[in-house]
Structure formats: C-alpha cells, structure tokens
Amino acid sequence: MEKQRAGRNRTMTLSDTEKEELRKDLSFLSEKSAVDGAVDKTFNQDLFEVLEYLPKHFVDLLIIDPPYNLSKNFAGNKFKKTDDVAYIEYVRSWLPKVMELLKPNGSVYICCDWKCTSAIYQVLSECAVVVNRITWQREKGRGAKTNWKNAMEDIWFGVADENDYYFDVEAVKQKRRVVAPYKEDGKPKDWEETDEGKFRLTYPSNFWDDISIPYWSMPENTDHPTQKPEKLIAKLILASCPVDGIVFDPFLGSGTTSVVAKKLGRHYCGVEISEEYALLAAKRLRKAETDTNIQGYNDGVFWERNTLNQQKKKK
Ligand SMILES: C[S@@+](CC[C@H](N)C(=O)[O-])C[C@H]1O[C@@H](n2cnc3c(N)ncnc32)[C@H](O)[C@@H]1O
C-alpha cells in the first residue's frame, strides 16, 4: 500500500507507469564491454557479475558505500550482520576486483561506520595507499538507552599511487563565518566583509560537520534506507575527479554518486542489484538533466550549516 506522507514531504517516489518508462534507462552486461559501453550507465545487476565484464583501469574515482556490517533490508535483499572475520572476507571478495577498474593515478573513497571501519581499513590498505580518513558527523542517529548514539561515519581515502593523484583543494574550500574578525591596518585579514556577513574561505579538513543526511523535506530524499547526501558526494568528486573524468560506484543505491557526477560535469557508471533503487537512480538522473542544484553547494563554494539565509541573499 502507498505510504501516507505529509503535504510538504518532498521524498521522491515511483509510480508503476514511471517504473515502466524508466526501465528503458537501465543497462545489463552479459559480455565484456569496452569503455563506451560502460560509461554513463546504470547496471541493474549483481556487482560480482558486472565485474567480470567491465574494462580494467577506466575510472578516475571510486566512491564505495557498501552494506555495513549490520542487518539491513535493501528492498528485499537482506544483508545479515556477521562477525568481523566474515565481514573482512566479504570486503575481500569484491574490493580488490573493484580496484582493478581504477586508473593508475586514480583515487578511492569508502564509507563505513565505527563497527566496520577496521575491516575496511585493513582490506583497503592491502590494495591501495591509504592517505586519510574523513570523519563525517551526520548528526542524526537512533538514540540508545544503554549506549552513545551513533552519529558519525568514516570515509577512508586511498590512492593507487601516492606520488601521482588528482586533488583539487581549491574546488572544496569551505565558506565559514568569521568568529573573531581580525584586521590588519584597518583591513580584514584573510576574510571578506560581504552583504551576507563576514566570511572566510578555509582549507577543508578531514572532519566534516556541515552535512546532514537527506530528510523528508529535501528534494533529493528517497525511501532508500541509507542514502548519502549529495553535498557529501560532491566534495569527494570535486576534490578527486577531473572534469569529464569517470566515477564508478559499485553499490549505487538510489543513485547519489551518478547524479552528483552528472550535475558536476563528470561521467558515471553505477551498479545496483535492486530494481527499485536502480529505477530511483534513473529518475534522479533524468531530473539532473535540468536541475543541477546541490543543496549546500552554491556559487562554487561549500557553505557551513545553517547559512541558508545568507546563501539565498547571495543569489
Ligand atoms: C549502503 S547502500 C548505498 C546507498 C547509496 N550510496 C545511496 O546514496 O543511495 C548499498 C547498496 O548496495 C546494494 N547492493 C548490495 N549488494 C549488492 C551487489 N552484490 N551488487 C549490487 N548492488 C548491491 C544494496 O541494494 C544497496 O542499495
């Protein structure tokens, strides 16, 4: 039965008619493919199957948001929580093969929570040079009576070659309000007095507290249970994939990586086993043809949280 939603709820849904139309946008691989056959495609099939057919060394950036070591129902495909050793073996069953898709100067980001972070680090360090770990304070999380609420995630950053990889720090600077506006010779030092207030463009750190998970009033929101925010994926893509480069996501879910790649002028390739989610990705990709807005990223800069009024003034 169709869920009842509040009037201002902007969660994207799919009607049966839309599903039929959007199925045309989904792809399936059953033989070896050249780069042309893989780019700007959404493969609705099992990753392990697709990996047999994709070309090697064709992507600039891998963004990986795998099932965490938690029991979760992904539209009928249930992932079952297991012990740490078995989860490491699960990651080892796909990560080295996914790494083979990366160009020699490519980069990889892998999302995880506190529980599976050591498994991800261990396997990633076997097949890439780990150069950082980003901590994302996602704020929302289920409260617990006998434990601390889980409100953060890790994103491991690895590269194939630590002496040769793309990183555009200018593209991901953050616009922050200046708390103590220091002046030298009566002029602002490293900050700007604008109509929106006093702001400074700062170097981005590996602690991210300016991004919330998608929620019901955001147009990017879908019913996918673990959807990543577009703003978070935008930072990864802008920093680590050149314009016109290719981003691959082996666990595409509702399509966030491909959608953001498209909005930012990069190419994409994604794999999702569930038809329900692959169709949501297809719908979002069609929408991205005319709507390239990424909430929280305006005018080429990432604004800190709670600055929507200033961002509007700027427009
Ligand atoms: C954590 S979610 C990714 C969410 C995604 N980042 C988003 O923003 O919507 C993991 C996804 O991997 C998919 N998945 C799990 N095993 C898979 C497999 N073997 N092949 C392809 N997709 C798989 C699940 O259906 C789920 O949608």
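S125 and E126 are exposed, and they sit on one side of helix α5. Keep in mind that this is a predicted model. Helix α5 runs over residues 117-127, and its buried residues are T117, A119, I120, V123 and L124. Looking down the axis of α5, those buried residues fall within an arc of 155°, so they line one face of the helix. The general background is that an α-helix has 3.6 residues a turn, so residues three or four places apart point the same way.

What covers that buried face? The cover of the buried residues of α5 includes helix α4, residues 84-99, and three strands: β6 (102-112), β7 (129-137) and β8 (152-159).

Next, the core. The largest nonpolar core has 67 residues, and I110, I237 and V247 touch the most other members. Which helix gives the most to this core? That is α8, residues 275-287, with 7 residues. As a general remark, nonpolar side chains tend to be buried together in soluble globular proteins.

Take V247 by itself. If we leave aside its neighbours within four places in sequence, V247 is in contact with V59, D60, L61 and I63. The list for V247 goes on with I237, C241, T257, A261, R266 and Y268. I237 is therefore on two lists here: with V247, it is among the residues that touch the most other core members, and it is also in contact with V247.

Now a piece of sheet, centred for this talk on strand β13, residues 197-202. Strand β9, residues 174-177, pairs with β13 in the antiparallel sense over 4 bridges. Within that pairing, R176 has R200 in β13 as its bridge partner. Strand β12, residues 192-194, also runs antiparallel to β13, and 3 bridges join the two. There, E193 is the residue whose bridge partner in β13 is K198. How many residues lie between β12 and β13 in their hairpin? There are 2.

Last, the whole chain. The protein chain has 9 helices and 18 strands. Its radius of gyration is 20 Å, close to the 20 Å that the globule rule gives for 315 residues, so the chain is as compact as a globular protein of that length. Along the principal axes, the C-alpha trace spans about 65 × 50 × 50 Å. Buried residues account for 36% of the 315 residues. As for contacts between residues at least 6 apart in sequence, 69% join residues at least 24 apart.

Technical notes: Residues are numbered from 1 along each chain as its sequence is written. This is a predicted model: local features need pLDDT of at least 70, side-chain atom pairs count only at pLDDT 80 or more; totals for chains, interfaces and linings use all residues. A nonpolar core is a set of buried Ala, Val, Leu, Ile, Met, Phe, Trp, Tyr and Cys residues joined through C-beta atoms within 7 Å. A residue is buried if 20 or more other C-beta atoms lie within 10 Å of its own, exposed if 12 or fewer, and partly exposed in between; C-beta atoms are placed from the backbone. Two residues are in contact if their C-beta atoms, placed from the backbone, lie within 7 Å. Two strands pair if DSSP finds at least two bridges between them. The radius of gyration is taken over C-alpha atoms; the globule rule is 2.2 Å times the number of residues to the power 0.38. The arc is that of the directions from the helix axis to the C-beta atoms.
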